[in-house]
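Q: Please take a close look at the salt bridges in this structure, and explain which residues they pair and how exposed those residues are.

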Amino acid sequence: MSNTNHASESQDSHKPQKSQESRTGNEDSGNGGSAPTHRMSPVQLLREARAQLAELAGVTAESVTSFERTEDGWSLEVEVLELERVPDTMSLMASYLVELDTEGMLTGYRRLRRYERGRADGRRSGGQ
């Protein structure tokens with residue numbers, strides 16, 4: 001009888017753990033797993049958003065300037081390098097609005113504005 005229990009334990013020992021981890025989100029290491037969980041840390045959410053935006057839009061995220069929770073998930077404003085120029089102050093930058101669902105998956109993005117890296121922000125007084 002112990003052989004039967006041992007065999008069933010060895011067969012079942014891996015499956016319940018994986019399904020339980022994906023349901024509860026207790027495993028939050030960020031080192032594996034194909035799908036993010038509901039309990040991702042803010043840093044993990046930002047990394048995931050930057051990676052997904054880079055893959056979809058083909059742009060390099062340089063910084064996240066806004067990050068907030070919404071009813072549907074998360075909303076971020078991400079500054080990206082769109083066109084590298086010499087000197088660097090003439091490189092073309094853009095600000096993107098990125099939306100994530102509650103699991104950290106990108107649901108949409110749009111470019112808000114484009115500007116040269118060396119230019120003052122036009123939305124503030126004193127800008128062009």
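A: A residue counts as buried when its relative accessible area is under 20%, as exposed when that area is over 50%, and as partly exposed in between. The model is a predicted one, and a search of the whole structure finds six salt bridges.

One of them is formed by Asp88 and Arg117, whose closest N and O atoms are 3.2 Å apart. This pair links distant parts of the chain, since Asp88 lies in the loop between β2 and β3 while Arg117 lies in the segment after β4, 29 residues apart. Asp88 has a relative accessibility of 40% and therefore counts as partly exposed, and Arg117, at 28%, is partly exposed as well.

Another salt bridge brings together the side chains of Arg114 and Glu82, with an N to O distance of 2.8 Å. Here too the pair links distant parts of the chain, with Arg114 in strand β4 (residues 106-116) and Glu82 in strand β2 (residues 73-83), 32 residues apart. Arg114 is partly exposed because its relative accessibility is 45%, and Glu82 is placed in that class by a relative accessible area of 22%.

A further salt bridge pairs Arg119 with Glu116, their closest N and O atoms being 3.5 Å apart. The relative accessible area of Arg119 is 46%, so Arg119 is partly exposed, and Glu116, with a value of 22%, is likewise partly exposed. Beyond the individual pairs, Glu62, Asp88 and Arg117 are joined into one network by salt bridges that share partners.

Key. Residues numbered from 1 in each chain as written. Predicted model: local features only at pLDDT ≥ 70, side-chain atom pairs only at ≥ 80, totals over all residues. Heavy atoms only, no water. Salt bridge = Lys/Arg side-chain N within 4 Å of Asp/Glu carboxyl O. Helix = DSSP H or I, 4+ residues; strand = E, 2+ residues; numbered from the N terminus. Buried < 20%, exposed > 50% of the residue type's maximum accessible area, 1.4 Å probe, protein only.
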